[in-house]
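Here is a friendly walk through one protein model, with the sequence and the structure side by side. Please keep the viewer open while you read.

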Amino acid sequence: MIHQKNRGLSFARNEGLELCTGTYLTFVDSDDFLARDMITTLYKLAKEQKAELVIGGYLLRDSNSHKTIFSLRQYHDKIYHDRKQFLWDFFTRPVNPGIWGCLFHRKLFEQLRFENVYSEDALMWVPLAKHATTFISTSHRGYFYRKHQGSVTDRREFNPRLLEIVYVWDKIRQDLAGFGKKFQELADGNFYYYTMVMLLNALIFAGVECEYAAEIQKIRQRIKDNLYSILVNNNITLKSKMACVLALLSMRLYKIVCRNFVRSY
């Protein structure tokens with residue numbers, strides 16, 4: 001057991017990476033919990049296929065109602081020996097960038113450490129894939145992710161750290177671009193969805209548009225500068241394209257549509 005001053009999730013994970021000695025490792029966020037058979041199931045798959053990375057599904061656990069909800073992002077039972085195919089499937093929305101619920105060979109992290117940014121997990125996947133040769137996804141759901149009111153992902157409140165996703169997904173765009181044009185378009189699709197549409201929606205749901213007027217203007221300008229690329233990109237959904245166009249035409253109308261027709265971001 002290690003006791004230390006709270007310096008954030010990234011620091012705690014990096015400290016764990018420095019101290020761990022096992023062949024495989026996993027990550028469990030505070031308050032989350034695992035099914036009894038999760039580690040056993042993932043470890044068995046890793047040993048049978050000599051895989052360095054096993055990614056499993058998860059369930060959402062509401063801390064207030066204690067209800068368990070199936071997440072949108074689930075995985076099929078599949079073995080990959082091609083990192084490009086793995087990355088394509090992984091970054092095809094809906095993306096679950098969380099590093100938890102998975103099993104990793106410790107050697108993958110020999111040269112990798114987490115950055116101290118919001119959604120630091122997402123930055124890890126391309127570098128991890130570059131170091132692995134065999135990947136497994138499984139439909140087994142053994143990780144329970146707790147959702148808390150007032151957390152950084154709570155739609156009723158806006159945490160300024162959410163603004164860091166612009167940096168995160170821009171970095172992922174750069175990482176994926178190295179795999180070719182097809183991946184560049186996939187990365188662009190994720191970038192405009194997760195950093196433009198979702199960020200705008202988060203600001204509106206929290207009712208803090210006035211406080212973040214400058215950030216909203218930056219988002220609108222970026223959409224304007226890249227509107228043609230957004231409209232012709234097959235990896236951006238029609239719904240997201242319409243949201244981008246609406247954001248340019250009228251933020252007042254965008255807010256009305258968002259508050260009345262968007263259930264989540």
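The report below looks at helix packing, then a buried side chain, then some backbone details, all in a predicted model.

## Where α6 meets α9

Two packed helices are described by the angle between their axes and the distance between the axes. For helix α6 (residues 181-206) and helix α9 (residues 238-249), the angle is about 60° and the axes are 10 Å apart. The two helices, α6 and α9, are therefore oblique to each other, and their crossing is left-handed.

Which residues make the contact between α6 and α9? From α6 come Tyr193, Val197 and Leu200, and they meet Ser240, Ala243, Cys244 and Ala247 of α9. Sorted by class, this contact of α6 with α9 has six nonpolar residues, one polar residue and no charged ones.

## Where α7 meets α9

Helix α9 also packs with α7, and here the axes come within 9 Å and cross at roughly 115°. The crossing of α7 and α9 is left-handed.

On the α7 side you will find Arg220, Ile223 and Lys224, which meet Cys244, Ala247 and Leu248 in α9. The contact of α7 with α9 divides into four nonpolar residues, no polar ones and two charged ones. If you have just looked at α6, you may recognise Cys244 and Ala247, as both also take part in the contact of α6 with α9.

## The two faces of α10

An α-helix has 3.6 residues a turn, so residues three or four places apart point the same way. Keep that in mind for helix α10 (residues 251-261), where Met251, Tyr254 and Cys258 are buried. These buried residues cover an arc of only 50° around the axis, which puts them on the same side of α10.

What covers the buried residues of α10? The cover includes α6, α7 (213-225) and α9. Turn the helix around, and the face of α10 pointing away from its buried side carries the exposed residues Arg252, Asn260 and Phe261.

## A buried isoleucine in α5

Next, look at isoleucine 172, which is found in helix α5 (residues 165-177). Is isoleucine 172 buried or exposed? Its relative accessible area is 2%, so isoleucine 172 counts as buried.

Leaving aside residues up to four places away in sequence, isoleucine 172 touches Phe91, Ala122 and Leu123. Leucine 123 is 49 residues from isoleucine 172 in sequence, yet the C-alpha atoms of the two are 6.3 Å apart in space.

## Backbone details in the loops

Most residues other than glycine have a negative phi, and most peptide bonds are trans. Some places in this model depart from that pattern and are worth a look.

Arginine 93 and proline 94 are joined by a cis peptide bond, with omega about 0°. Proline 94 sits in the loop between α3 (83-90) and β6 (102-105).

Lysine 50 is not a glycine, although its phi is positive, at about 55°. Lysine 50 lies in the loop between α2 (38-49) and β3 (53-62), and with a relative accessible area of 70% it is exposed. Serine 119, again not a glycine, has a positive phi of about 65°. The loop that holds serine 119 runs between β6 and α4 (125-131), and at 16% relative accessibility serine 119 counts as buried.

Note on methods:
Residues are numbered from 1 along each chain as its sequence is written. This is a predicted model: local features need pLDDT of at least 70, side-chain atom pairs count only at pLDDT 80 or more; totals for chains, interfaces and linings use all residues. Side-chain values use heavy atoms; hydrogens and water are left out. Axes are lines fitted to C-alpha atoms, for helices over the stretch in contact, and angles run from 0 to 180 degrees between N-to-C directions. Helices (H or I, at least four residues) and strands (E, at least two) are DSSP runs, numbered from the N terminus. Angles under 35 degrees count as roughly parallel, over 145 as roughly antiparallel, 65 to 115 as roughly perpendicular and the rest as oblique. A crossing is left-handed if the near helix is turned anticlockwise from the far one by less than a right angle, and right-handed if clockwise. Contact means heavy atoms within 4.5 Å. Ala, Val, Leu, Ile, Met, Phe, Trp, Tyr, Cys and Pro count as nonpolar, Asp, Glu, Lys and Arg as charged, and the others, Gly among them, as polar. Buried means under 20% relative accessible area, exposed over 50%, partly exposed in between (1.4 Å probe, protein chains only). The arc is that of the directions from the helix axis to the C-beta atoms.
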